[in-house]
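Please look over the sequence and the model shown here before reading the notes that follow.

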Amino acid sequence: SFCTLLARVCPTRILLHRSMKHLGIFYHPGATAEDRKRATAWAAKASTEVEIVVESSPDKVLGLAEVERERLAFVIAKAGTAGQPPGVAVLASVMAGVGAHIFTILYSHTASPNASWRLDVADQGIHMVTHRDDEIAIAIRRCTSHPVLPERQQAADQHKYACPICGIQNLDAIALWEHMPMFHVAVKKTRRALKCPICNEYDSTIVVHIHDAHAPPGHPEDTSRRGIPLYSFGLVVVRRKSDGKFLVVQEYSSQGYWLPGGGIDAGELPDVAAKRECLEEAGVKVKLTGLLRVEVTPSG
Ligand SMILES: [Zn+2]
Ligand SMILES: [Zn+2]
């Protein structure tokens, strides 16, 4: 056939022909045509090179994850109703079998608005709980933005880094900076210091180190833009009108949940800083209604 002929003429064609798209699996025990359409829409919205396969049995998910481990980037699981294998267990078994570098999302309308349920799921190592299609598309885009390369081609580029925690390869500096909180926000201080792939320093809180020391130039979190050391700090109390709930932000290295806030830049007004921090840390646009308190600590 024409293809074999082409392959004989140009052997690299065989390599190119091999699909190197990222792969995602959507585990859904009772998937309908509608659910398959939804998965296709996630991939389209993420606008990266990604293919999503819908599977209805845990065995098939695990089997596919094992076979396609080289290009598998994420698994999304429907929480599951009574009588179905629970999505959390399927996600946990993929991470145990293939590795912690697979991004895991529990897709659930009931777990998503329930904070204690979300914490419970996070304690089992699951990365994200949501029922929102736009959030899933963002997560997919972030964990498929680096190229998939066969193992033998990895680590040839000195500007590509491997994650010191899960070992995922081929991340550029920005992708690594985004990867750390996305995958490893709950990683505790490690007994042994881990080596930073960017500056080669050792740190036992590597997630915090990469976040603080290697923000992309010009990014709001890039500390080098701050002309003077941090002297002012603001915290914001945010209450959602619809249900009276307060906003808290998960801190790095399993330090728990705190009010959103952070350093006020030189020359920045406190109200501007308050709004900026809420957007940066929680993705939430807030309307300020007043000033609760100003505290001053004189230093000698
Ligand atoms: Zn990692
Ligand atoms: Zn470093």
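## The zinc site

In this predicted model, the zinc ion (ligand 1) has as its protein donors Cys163 (SG), Cys166 (SG), His179 (NE2) and His184 (NE2), which lie 2.0 to 2.3 Å from it, donors being N, O and S atoms within 2.8 Å of the metal (3.2 Å for Na, K and Ca), with water not among the atoms. The site of the zinc ion (ligand 1) is tetrahedral, with angles of 106 to 114° among its four donor atoms, where four donors count as tetrahedral if all angles lie between 85 and 135 degrees. Along the sequence, the donor residues follow the spacing C-x2-C-x12-H-x4-H.

## Leucine 176

Leucine 176 is found in helix H8, a helix being a DSSP run (H or I) of at least four residues and a strand (E) one of at least two. Leucine 176 is buried, with a relative accessible area of 0%, where buried means under 20% (1.4 Å probe, protein chains only). Beyond its neighbours within four places in sequence, leucine 176 is in contact (heavy atoms within 4.5 Å) with residues including Tyr161, Cys163 and Ile210.

## Histidine 214

Histidine 214 lies in the loop between helix H9 (206–213) and strand E8 (233–235), and is buried, with a relative accessible area of 16%. Leaving aside neighbours within four places in sequence, the residues in contact with histidine 214 are Trp177, Cys196, Ile198, Cys199 and His209.

## Basis of the values

Local features need pLDDT of at least 70, side-chain atom pairs count only at pLDDT 80 or more, and totals for chains, interfaces and linings use all residues. Residues are numbered from 1 along each chain as its sequence is written, chains are lettered from A and ligands numbered from 1 in the order in which they are written, and side-chain values use heavy atoms, with hydrogens and water left out.

Notes. Buried means under 20% relative accessible area, exposed over 50%, partly exposed in between (1.4 Å probe, protein chains only). Four donors count as tetrahedral if all angles lie between 85 and 135 degrees; four count as square planar and six as octahedral if opposite donors are over 155 degrees apart and all others between 65 and 115; anything else is irregular.
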